[in-house]
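Visitor: I'm new to this structure. Could you take me through one part of it, close up?

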Amino acid sequence: MSFIARPQSPDAWINQIFNAKAAQNGGVVRRKIAWIEAEVGRDLFEAEVKRRGFHCIEAGRQLIVVCHTGPVRFLF
């Protein structure tokens with residue numbers, strides 16, 4: 001699958017993701033890895049998740065961000 005990069009700065013793209021209602025309410029956001037790589041690069045995205053104290057999970061071709069700083073427990 002190909003992605004067309006938008007004429008948007010990496011900071012603007014990251015802010016858009018983390019200003020989403022789910023992120024603001026401590027929920028979960030997920031994005032395709034290929035999309036993240038095309039828009040801002042995986043390293044920058046992961047650094048931003050870490051800077052915010054959130055948790056990042058890779059599942060298949062998706063990155064799932066748990067947007068809170070508390071502990072995360074995998075049940076199975």
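**The sheet, up close**

Guide: Let's start where E2 and strand E3 (residues 62-66) run antiparallel, joined by five bridges. Strands here are DSSP runs (E, at least two residues; helices are H or I, at least four), numbered from the N terminus, and two of them pair if DSSP finds at least two bridges between them. This is a predicted model, where local features need pLDDT of at least 70, side-chain atom pairs count only at pLDDT 80 or more, and totals for chains, interfaces and linings use all residues. Residues are numbered from 1 along each chain as its sequence is written, and side-chain values use heavy atoms, leaving out hydrogens and water.

Look across from Leu63 in E3 and you'll find Glu58. Zoom out a little: three strands make an open sheet, ordered E1-E3-E2, with antiparallel pairing. Strand E1 (28-32) and strand E2 (55-59) are the edges; each has a single partner strand, so one side of each has no neighbour in the sheet. On average, neighbouring strands are turned by 20 degrees against each other, direction ignored. (Axes are lines fitted to C-alpha atoms, for helices over the stretch in contact, and angles run from 0 to 180 degrees between N-to-C directions.)

Helix H4 (residues 42-51) packs on this sheet and touches E2 and E3; contact means heavy atoms within 4.5 Å. The direction of H4 makes about 15 degrees with that of E3.

Now Cys56: its sulfur lies 9.6 Å from the closest cysteine sulfur, in Cys67, too far for a bond. The structure holds zero disulfides, a disulfide being a pair of cysteine sulfur atoms within 2.5 Å.
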